[in-house]
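Trainee: Please take a close look at one part of this structure and describe it in a single connected answer.

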Amino acid sequence: MQFFHFLLTVILLLICTCAYIRALAPSLLDKNKSGILGIFWKCARIGERKSPWVAFCCVLMAFSILFVQ
C-alpha cells in the first residue's frame, strides 16, 4: 500500500510540473511529442485538460500525507 501511495504522489507531481513548464515555455515540451520525452508532453496535456481533477487529487494527496500518515 505504501508503494502505491508513493507512486501516485510521484505521478501527480510529474503531471503538475509538466503542466507548469508547458505554461512557461510551451516550445520546450511541444517539440518532443513522440518518443521517450513524449511522456512529459502527455503529462502536460493531462494537467491542462484535467486540471480540476488534478487539483482535487493534489489536495486529497496533501491531506493524506499531512494528516493520515
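Mentor: The part described here is helix H4, followed by its neighbour H3.

This is a predicted model, in which local features need pLDDT of at least 70 and side-chain atom pairs count only at pLDDT 80 or more, while totals for chains, interfaces and linings use all residues. Residues are numbered from 1 along each chain as its sequence is written, and side-chain values use heavy atoms, with hydrogens and water left out.

An unreviewed UniProt entry annotates residues 51-68 as "transmembrane region"; such annotations may be inferred rather than shown by experiment. Over that range the chain is 100% helix and 0% strand, with the end C-alpha atoms 24 Å apart. Helices are DSSP runs of H or I with at least four residues, numbered from the N terminus.

The structure holds one aromatic pair (ring centres within 6.5 Å). Its members are Phe 63 and Phe 67, whose ring centres lie 5.1 Å apart with planes at 50°, so the pair is tilted (stacked is under 30 degrees, edge-to-face over 60, tilted the rest). Both sit in H4, four residues apart, which puts about one helical turn between Phe 63 and Phe 67. An α-helix has 3.6 residues a turn, so residues three or four places apart point the same way. Phe 63 is partly exposed at 47% relative accessible area, and Phe 67 is exposed at 58% (buried is under 20%, exposed over 50%, partly exposed in between, with a 1.4 Å probe and protein chains only).

In H3 (residues 38-49), the buried residues include Trp 41 and Cys 43. H4 is among the elements that cover the buried residues of H3, as are H1 (2-24) and H2 (26-30).

How values were computed
Helices (H or I, at least four residues) and strands (E, at least two) are DSSP runs, numbered from the N terminus. Rings of Phe, Tyr and Trp (its six-membered ring) pair if their centres lie within 6.5 Å; planes under 30 degrees apart count as stacked, over 60 as edge-to-face and the rest as tilted. Contact means heavy atoms within 4.5 Å.
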